[in-house]
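Let's take a walk through this one together, starting where the two chains meet and ending with a few backbone oddities.

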Amino acid sequence: MKYEYTILPFRFDHFSNEEYLLTNDVGEYIFLKNADFEKFVTHELDSKSDLFYDLASKQIATTDKVEDVVKMLATKFRTKKSILRDFTSLHMVVPTLRCNSSCIYCQVKRHEKSDHSADMTKKTAKNIVKCIFDGPSPYIKIEFQGGDPSIDFEMVKYIIEEAEWVNLFKKRDLSFVICTNLTLLTPDMVKYLKKHKCDISTSLDGPKDLHDTNRPLQDKKLDHHEIFEKNVKMVRDIWGDADCVSALMTTSKYSLGRYKEIIDEYIRLGFNNIFLRSLNPYGFASEYKEKVAYPIEEFIENFKEGLDYIIEINKKGTFFVEGFAALLLKRILTPFATGFVDLQSPAGVGIAGAIYDYDGSVYVADEGRMLARFKNYYFKLGNVNENTFQEMFNGKLLHEIIENSCTECLPGCADCVFQPYCGADPVRNYSVQGDVVGHRPTNEMCIKTKAIIHYLMEKLHEGDPETIKIFWSWIK
Amino acid sequence: MANLEFPINVIDGNKLKISFDLKLYSKEAITATCYKYTGKYYIHESCEENTVSILFESKDKSDISQTVVKEFCNNLIDQEIRHNINKDFGYIRDLIVEEAFKPVNK
């Protein structure tokens with residue numbers, strides 16, 4: 001018997017041998033047994049059954065007027081894409097390429113501490129601030145990167161104060177963050193950062209031996225991990241808030257099999273979240289791939305083990321978040337937009353974030369800057385000393401990149417069941433696969449993201465009430 | 001039942017050819033299915049009247065098992081369902097996007 005109902009746009013795939021997973025453009029999802037799926041798509045599913053009501057509540061089918069459901073879906077869709085409304089808000093600035101570390105996976109051609117050839121000038125800094133405020137976004141976050149920006153702290157101060165001055169007239173929601181290995185921070189510098197509400201983001205790769213293997217200081221006599229631990233405490237003591245400093249980890253091949261120790265070290269040092277991050281293929285990491293890299297499948301297995309361990313820790317009463325899972329869960333479980341530049345559709349490159357190099361060159365993303373170190377300037381939008389904001393951010397190049405980074409119409413993404421939760425990374429596609437569109441069947445980022453979303457979906461489908469409660473606590 | 005086999009025309013260990021009837025499957029669904037296999041195989045499509053023939057050649061020169069072709073057949077059915085649903089109801093997605101961006105188009 002055929003039933004009268006309208007099937008609304010959805011994507012599907014086999015989730016297991018017994019079930020299909022269905023999702024729609026606004027991120028709603030449902031699991032259907034194979035037989036039910038067949039009935040549904042052939043209009044043989046009873047439109048008065050509980051299962052049909054479930055599908056209708058997810059706006060995957062309807063017996064109502066299509067126009068009414070379209071209005072509802074459009075509102076949700078607009079919310080999901082609201083990240084586009086404000087345009088570029090994350091502005092990464094590189095005051096210097098000097099650094100006192102020699103990380104084994106370093107993406108930047110760092111300069112020695114005494115080599116001032118890659119320091120930003122005040123003229124360039126002033127033009128960068130002007131360019132940033134020429135943008136339309138009501139939110140402006142200036143993130144200092146390097147090298148290690150704390151080496152040229154005078155330039156960091158100059159940019160902060162210039163931005164605060166300009167903002168007296170522009171009145172944007174202005175914030176700062178400095179990315180540093182912490183080792184060069186003094187109490188006076190921290191007091192300055194606190195006064196100017198500049199958050200601190202640092203890197204922690206795990207216990208002492210691992211952290212020092214991945215991120216040795218150039219001065220071999222110094223103990224990186226020991227200084228790090230001492231300075232984390234100093235920063236928190238001055239700030240009076242344990243959350244004033246956040247940390248990022250990078251997985252080298254030495255990190256594999258050690259996620260539990262890494263997570264334990266984060267907790268020991270008072271952090272309440274971690275972002276289990278795979279190595280990216282840019283810069284030195286791809287030059288010395290065999291020394292630090294690993295098959296993506298190994299990362300995925302480590303990620304799953306790490307996530308399980310974190311869930312167990314939460315179950316024992318310690319609130320601790322895995323950042324990538326939290327981001328994806330927010331996309332899966334809520335209608336809200338999430339501002340993660342590396343996984344947006346259209347891609348966040350240029351239109352959500354951009355990076356300003358020490359010489360004033362502007363790139364769509366940090367990884368575009370890495371490519372430029374190897375004389376590939378494909379992702380360079382221009383230079384603040386020569387070009388206007390309009391020329392760079394409304395130019396042909398950025399339009400072309402964005403047009404080719406909408407997962408809704410990319411081959412292999414358009415009909416992927418995980419499309420509503422995923423995004424495009426045209427810089428990575430170009431760097432690894434030769435063009436901004438990329439080739440999904442061999443794309444490691446695609447393999448990784450799909451595997452992780454699938455794993456989260458398994459957890460949601462298992463429905464362990466404690467796990468679900470923990471997931472919700474992560475996205476609040 | 002023992003004689004029932006998938007219509008595979010094996011040319012060589014690392015190459016094989018399979019044909020599909022265009023009365024059953026759309027060209028779009030066939031090509032979309034082929035795309036998923038382009039990571040491991042070189043693929044060539046040719047068409048004669050109502051038949052599309054697909055030539056697979058494994059990139060690493062390894063032999064192609066029959067399981068690959070059976071999976072291809074199942075994937076093709078999924079792809080055909082996607083194609084049909086999109087053909088019948090895809091216009092609703094256009095309506096949603098149009099409605100969603102109405103405020104900025106005013």
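Keep in mind as you look around that this is a predicted model. A good place to begin is the interface: across the boundary of chain B and chain A, two salt bridges turn up. One to pull up on screen pairs Asp25(A) with Arg93(B), where the closest N and O atoms sit 2.6 Å apart. Two helices of chain B, H1 (27-36) and H2 (66-100), are the elements that give two or more residues to the side touching chain A. Of these, H2(B) gives the most, with 13 residues. Sort that side of chain B by class and you get 11 nonpolar, three polar and five charged residues.

Now zoom out to the contact as a whole. Chain B puts in 19 residues and chain A puts in 29. Together the two chains bury about 2,200 Å², and carbon and sulfur atoms give 69% of that area. There's polar chemistry here as well: seven residue pairs are in polar contact across the interface, counting pairs with both residues at pLDDT 80 or more.

Next, have a look at the second largest pocket, which holds about 1,200 Å³ of space. Which residues lie nearest its centre? They come from both chains: Asp13(A), Pro441(A) and Lys450(A) on one side of the tally, Lys36(B) and Asn75(B) on the other, out of 36 lining residues. Chain A supplies at least two lining residues from each of strand S2 (11-14) and helix H18 (444-462), and H1 and H2 of chain B each do likewise. H2(B), the helix that gives the most to chain B's side of the interface, also gives the most to this lining, with six residues. By class, the lining has 19 nonpolar, seven polar and 10 charged residues.

Finally, the backbone of chain A has some spots to check. Most peptide bonds are trans, and most residues other than glycine have a negative phi. The bond from Gly146(A) to Gly147(A), however, is cis, with omega near 15 degrees. You'll find Gly147(A) in the loop between strand S7 (139-144) and helix H5 (153-170). Another cis bond runs from Ser345(A) to Pro346(A), with omega near -5 degrees; Pro346(A) belongs to the loop between helix H13 (323-333) and strand S13 (353-356). Then there's Phe87(A), which is not a glycine yet has a positive phi of about 65 degrees. Look for Phe87(A) in the loop between helix H3 (66-80) and strand S6 (90-93).

How values were computed:
Residues are numbered from 1 along each chain as its sequence is written. Chains are lettered from A and ligands numbered from 1 in the order in which they are written. This is a predicted model: local features need pLDDT of at least 70, side-chain atom pairs count only at pLDDT 80 or more; totals for chains, interfaces and linings use all residues. Side-chain values use heavy atoms; hydrogens and water are left out. Contact means heavy atoms within 4.5 Å. Buried area is the accessible area (1.4 Å probe) that two parts lose on being put together, summed over both. A salt bridge is a side-chain nitrogen of Lys or Arg within 4 Å of a carboxyl oxygen of Asp or Glu. A polar contact is a pair of N or O atoms within 3.5 Å; within protein, one must be able to donate a hydrogen and the other to accept it, and residues adjacent in sequence count only if both atoms are side-chain atoms. Helices (H or I, at least four residues) and strands (E, at least two) are DSSP runs, numbered from the N terminus. Ala, Val, Leu, Ile, Met, Phe, Trp, Tyr, Cys and Pro count as nonpolar, Asp, Glu, Lys and Arg as charged, and the others, Gly among them, as polar. On a 1 Å grid over the protein atoms alone, a cavity is a set of points where a 1.4 Å probe fits but cannot get out, and a pocket is an open set with protein on both sides within 12 Å along at least five of seven lines; lining residues have an atom within 4 Å of a point. Grid points are joined across faces, edges and corners, and a volume is the space filled by probe spheres set on the points.
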